[in-house]
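Reader: I would like to know how the terms used for this model are justified. Please set each value against its definition.

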Amino acid sequence: MTTLLVTGAAGFIGSNFVRYWLGTHPGDRVVALDALTYAGCRENLADIEAGITFVHGDIRDRDRIESLLREHRVDVVVNFAAESHNSLAIIRPGDFFSTNVMGTQALLEAARTVGVARFHQISTCEVYGDMDLDDPGAFTEDSPYLPRTPYNAAKAGSDHAVRAYGYTYGLPITITNCSNNYGPFQFPEKVIPLFVTRALQGESLPLYASTKNRREWLHVIDHCRAIEAVLERGTVGETYHVGSGIEADIETIADMILGELGLPASLKTIVPDRPSHDRRYLLDSSKLRTALGWEPRISFADGMKATIGWYRDNESWWRPLIGRSPVTETAWQS
Ligand SMILES: NC(=O)c1ccc[n+]([C@@H]2O[C@H](COP(=O)([O-])OP(=O)(O)OC[C@H]3O[C@@H](n4cnc5c(N)ncnc54)[C@H](O)[C@@H]3O)[C@@H](O)[C@H]2O)c1
């Protein structure tokens, strides 16, 4: 039996991961920690809460984390906790560096003091920075970090801290950098649930003026399977990219959603880009595929259809969250 401390467990990917892990590893124990910021929803864990230990806590609280690691004899830490919204980072950068960099360092320090079998860091493609729309290449695990936004820079900082603890103290670390996720339980400030929930309310879809900027999309369950592969078969000290190779621009996303819901294209409206809006990120995930045998199983068309259906069927989940995000997509205009 393995005991996992999953941080950021009440967020989008964290809650999907806890549910996935308990489903595939029913004998394991999960301590689910979350600070319950505006983006954290304990309801995301409601159907599985009886099978986990939920802790309302902050990764920056090193003493508390140390006690939790000892009390629950944690074997594996999986760190999802972060301030995660690029748009909010522009108006509140301090929160991002505080949680993403110093919070991760506090978690690392607790893990090093108590000792764990694995510290796994959840990172993003965005640490590599902007990619040209015509670039025929893709970021590899050896590409330089060139972040251009407070969110990306703070995530880069946390990855550097994780690697430093691996090299300096021998902490058994692994890192996954993943492309854009989509799926159920994603807070409706992020583009896909933002568009779907606005469309369901008959409201306009705010597209950044750079409508051809694109992202690589992966269903959240395929991300969870990749983390599982790295925890079970990955090599300590290594970084693995997680991506589908499937890119779609923002206008395509809007069209898919409006088409699925039978709504008119006139709901698309253009808003100014946020500052330093990266055009594109694309990951080369061949290392994960070749070394660990992972590949995505959910096609973008099927995943989007199911995701749109999930929001349509779960209005009671998203309705109370509307207006809870501290930022709108036009916050930097004034
Ligand atoms: N969503 C994506 O497309 C994507 C892609 C690649 C990587 N990631 C990374 O995956 C992780 C999870 O992202 P998400 O989309 O689920 O984000 P999210 O915002 O939905 O969830 C983050 C969770 O962390 C919690 N949290 C924030 N500060 C905390 C603190 N100081 N202590 C404890 N908990 C805290 C929040 O309450 C929230 O529940 C992040 O590290 C993010 O950078 C996300």
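Author: A polar contact is a pair of N or O atoms within 3.5 Å; within protein, one must be able to donate a hydrogen and the other to accept it, and residues adjacent in sequence count only if both atoms are side-chain atoms. The model is predicted: local features need pLDDT of at least 70, side-chain atom pairs count only at pLDDT 80 or more, and totals for chains, interfaces and linings use all residues. Residues are numbered from 1 along each chain as its sequence is written, and side-chain values use heavy atoms, leaving out hydrogens and water.

Reader: What makes K155 a polar contact of the ligand?

Author: A polar side-chain atom of K155 lies 2.7 Å from an oxygen atom of the ligand, and the limit is 3.5 Å, so the pair counts. D34 has a polar side-chain atom 2.6 Å from a ligand oxygen, and T99 has one 3.1 Å from a ligand nitrogen.

Reader: How do you know how much of the ligand the protein covers?

Author: Accessible areas come from the Shrake-Rupley method with a 1.4 Å probe. On its own the ligand has 840 Å² of accessible area, and the protein covers 96% of this.

Reader: Why is α7 called mostly covered?

Author: Buried means under 20% relative accessible area, exposed over 50%, partly exposed in between (1.4 Å probe, protein chains only). In α7, 11 of the 14 residues are buried, so the helix is called mostly covered. Among them are H223, C224 and R225.

Definitions and conventions. Helices (H or I, at least four residues) and strands (E, at least two) are DSSP runs, numbered from the N terminus.
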